[in-house]
Amino acid sequence: MKKRNGIKIKTSLSNRIAMCVAFAFIALYCLYILFFFLFAALLAIKPSSASFIADMMNVKLFSWPKGATLKNVYRAFTDFQIGTHTYGEMLFNSVWRSVLGTFIAWMTTVMVTYILVFYRSKFTKFIYTLGFFLTTLPLYGAGPATYRLMSRIGFINTPLMLLTNITLYGGHFFYMYSFWKGIAWEYAEAASIDGAGHYTVFFKIMLPMAVPSMMALFIMSFIANWNEYENTLLYMTRFPNLSYALYAYENSIKYDSGAGKPAYFAGLMIAMLPCLALFLIFQNTIMEKVYIGGLKG
């Protein structure tokens, strides 16, 4: 029996069974995910590559290693290099690329959806309808054309490549569109009566109300940008990030019978820490604001 608004509500046996089954599945899934975190941590503290190879041959990788050490963390900082780019430099690239790229995509989506909701016209209706069409339309074979276009306009290997994060459509577009639909225009009308212009209404009244929900999307986009390496591989080799460093280092030790694996997993754990910290700090914001494909205002 549970309470809602101080009133006791009886829960049927079938509902309780369903909740118990759902909880069991979710708990098993969480344990499944945590297993891989623990496994990576155990590999990262192995004392040497020889120890890693011996445990691998004896099928004892998932075990507390003898002589556990954190020296692989130091090796990650020294061995993870792409040409002349050091680990610290690639960490800096990960930060500014993730922050700026996410901010550009974030603000453009917020402003475009704001206009489509509150400044209705035949043109804005057409743009919104076009969004449904382009979101569901599969685009194959666009990679070569995109690379040639970026090369022609001089975006490759420059920070200008971050401007490609400006996209009109996608999941965040429909999230923010739904959010603005739930905001009353009376706030803007009241400010307009007091003499506020369009920009004042947006930046001082409407935008602050959207910040909590926007933060949830910002964090999720930041984590996605932090973990991507494909754009670095194709377009920004002069600004390698940590994800690309992990990708390149893994390929370099792929055929070395386990040599360098402990350092690789140590670097993996280090690169994961910022995303994990962000999620732990803002998990309530993410869970409260985003749910089943919509935004909670």
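This passage walks through a predicted model of a single chain, from its overall make-up down to a few individual residues.

Some ground rules come first. Residues are numbered from 1 along each chain as its sequence is written, and side-chain values use heavy atoms, with hydrogens and water left out. Since the model is predicted, local features need pLDDT of at least 70 and side-chain atom pairs count only at pLDDT 80 or more, while totals for chains, interfaces and linings use all residues.

The chain has 12 helices and 4 strands; both are DSSP runs numbered from the N terminus, helices being H or I over at least four residues and strands E over at least two. Of the 297 residues, 34% are buried, where buried means under 20% relative accessible area, exposed over 50% and partly exposed in between, with a 1.4 Å probe and protein chains only. The accessible surface comes to about 18300 Å², and 68% of that belongs to carbon and sulfur atoms; these areas come from the Shrake-Rupley method with a 1.4 Å probe, and for residues only the protein chains shown count as cover. As for contacts (heavy atoms within 4.5 Å), 70% of those with a separation of 6 or more are between residues 24 or more positions apart.

How far can the model be trusted along its length? Mean pLDDT, the predictor's confidence in each residue from 0 to 100, is 80 for the chain, with 89% of residues at 70 or more. Among the elements, helix α4 (residues 87-118) has the highest mean, 88, and strand β4 (residues 294-295) the lowest, 40. Over residues 291-297 pLDDT stays under 50, and the model has 17 contacts there beyond four places in sequence. Where pLDDT is low, the predicted coordinates should not be read in detail.

Helix α1 takes up residues 13-44, and its 32 residues should span 46 Å; the end C-alpha atoms are 47 Å apart, which agrees. The expected figure is 1.5 Å times one less than the number of residues. The buried residues of α1 are A40, L42, L43 and A44. In the loop between α1 and α2 (49-57) sits P47, which counts as buried because its relative accessibility is 17%. The C-alpha atoms of P47 and A68 are 5.5 Å apart, although 21 residues separate them along the chain. Beyond its neighbours within four places in sequence, P47 is in contact with P65, K66, G67, T69 and K71.

Helix α4 turns up again in the aromatic pairs, of which the whole structure has 25. Here, rings of Phe, Tyr and Trp (its six-membered ring) pair if their centres lie within 6.5 Å, and planes under 30 degrees apart count as stacked, over 60 as edge-to-face and the rest as tilted. W96 and F239 have ring centres 5.6 Å apart and planes at 90°, so they are edge-to-face. This pair links W96 in α4 to F239 in the loop between α10 (230-234) and α11 (242-252), 143 residues apart. W106 and F218 are edge-to-face too, at 5.1 Å centre to centre with 70° between the planes; they join α4 to helix α9 (residues 198-227) across 112 residues. W106 is buried, because its relative accessibility is 16%. A cluster of linked ring pairs takes in Y114, F118, Y119, F179, W180, W185, F202 and F203.

Also in α4 is R97, buried at 7% relative accessibility. Setting aside neighbours within four places in sequence, its contacts include T102, E228 and F239. S221, in helix α9, is buried at 15% and touches T102 and H172, not counting residues up to four places away in sequence.

In soluble globular proteins, nonpolar side chains tend to be buried together. A nonpolar core is a set of buried Ala, Val, Leu, Ile, Met, Phe, Trp, Tyr and Cys residues joined through side-chain atoms within 4.5 Å. The largest one here has 28 residues, and V110, Y114, F118, M176, W180, M206 and M214 touch the most other members. Two or more residues come from each of α4, α5 (122-136), α7 (171-181), α8 (186-193) and α9, with α9 giving the most, 8 residues. Leaving out residues up to four places away in sequence, M214 touches W106, M107, V110, M176 and L207. Another core, of 26 residues, lies apart from the largest one and includes F222, W226, Y244 and C275.
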